[in-house]
Amino acid sequence: MSARDIIIKPVVTEKSSTLQATENKVTFVVAKNANKTAIKLAVQEIYNIKPVAVNTVNVHPKMRRVGRYSGMTNAYKKAIVTLPEGASINFFSED
C-alpha cells in the first residue's frame, strides 16, 4: 500500500483549523486498515516532515434523513498528526 493510498484527504473543519493553528496538529481521513506506524511513514514520505505523534479515531456512521428517506453517513478513520515545532503543512496555496 502506497502513502497516497493511506492518506486519503485532509479534514478541513473549524475544529481541525483551530487545532492546526494552536497546537500544530493536522487531521487526515486515512484508510480504515492503516495503523499509526503506517500513517506516520506516509506523512513522512508525502510531506517530508517527521511527525511527533499520531492519534487515530474510528468515526462511526450517523443516521440522517432527507424528507422521508433515511440512511447512514459513511464510516471512516481519522488521524490527528502532531507536527514538530516550526513545521507546518499548508493545504491551500495563497497566490
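1. Starting with the sheet: in this predicted model, four strands make an open sheet in the order 1-2-6-3, with antiparallel pairing. Strand 1 (7–10) and strand 3 (53–59) sit at the edges with a single partner strand each, so one side of each has no neighbour in the sheet. From one strand to the next, the twist averages 30 degrees.

2. Looking at one of those pairings, strand 3 and strand 6 (residues 76–82) run antiparallel and are joined by seven bridges. If you want a register marker, take Asn55, which stands opposite Ile80 in strand 6. Ile80 turns up again in the lining of the largest pocket.

3. Now the helix on the sheet. Helix 3 (residues 36–47) lies across strand 1, strand 2 (25–30), strand 3 and strand 6. Against strand 3, helix 3 runs at about 115 degrees.

4. What links strand 2 to helix 3 through aromatic side chains? It's a pair that joins distant parts of the chain, with Phe28 in strand 2 and Tyr47 in helix 3, 19 residues apart. The rings of Phe28 and Tyr47 are stacked, at 5.9 Å centre to centre and with 25 degrees between the planes. For the label, planes under 30 degrees apart count as stacked. The structure holds one aromatic pair, so don't go hunting for a second.

5. On to the pocket. The largest pocket comes out at a volume of about 260 Å³. Strand 1, helix 2 (14–23), strand 2 and strand 6 are the elements that give two or more residues to its lining. Residues in that lining include Lys9, Pro10, Lys15, Leu19, Thr27, Val29, Tyr76 and Lys78.

6. If you're thinking about the character of that lining, the split by class is six nonpolar, three polar and three charged residues. Val11, Thr13 and Ser16 are also among the lining residues. Note that Tyr counts as nonpolar in this scheme, and Tyr76 is one of the residues lining the pocket.

7. There's also a hairpin. Strand 4 (residues 63–66) and strand 5 (residues 69–72) run antiparallel and are joined by four bridges. Val66 stands opposite Tyr69 in strand 5. Two residues lie between the strands of this hairpin, and Gly67 in the turn has a positive phi of about 65 degrees.

8. Finally, the overall layout. The chain has three helices and six strands, and along the sequence they follow the pattern α-β-α-β-α-β-β-β-β. Taken along the principal axes, the C-alpha atoms fill a box of roughly 50 × 30 × 25 Å.

How values were computed: Residues numbered from 1 in each chain as written. Predicted model: local features only at pLDDT ≥ 70, side-chain atom pairs only at ≥ 80, totals over all residues. Heavy atoms only, no water. Pairing = 2+ DSSP bridges. Axes fitted to C-alpha atoms, helices over the stretch in contact; angles between N-to-C directions. Contact = heavy atoms within 4.5 Å. 1 Å grid on protein atoms, 1.4 Å probe; cavity = no way out; pocket = protein on both sides within 12 Å on 5 of 7 lines; lining within 4 Å. Points joined across faces, edges and corners; volume = space filled by probe spheres on them. Phe/Tyr/Trp six-rings, centres within 6.5 Å; stacked < 30°, edge-to-face > 60°.
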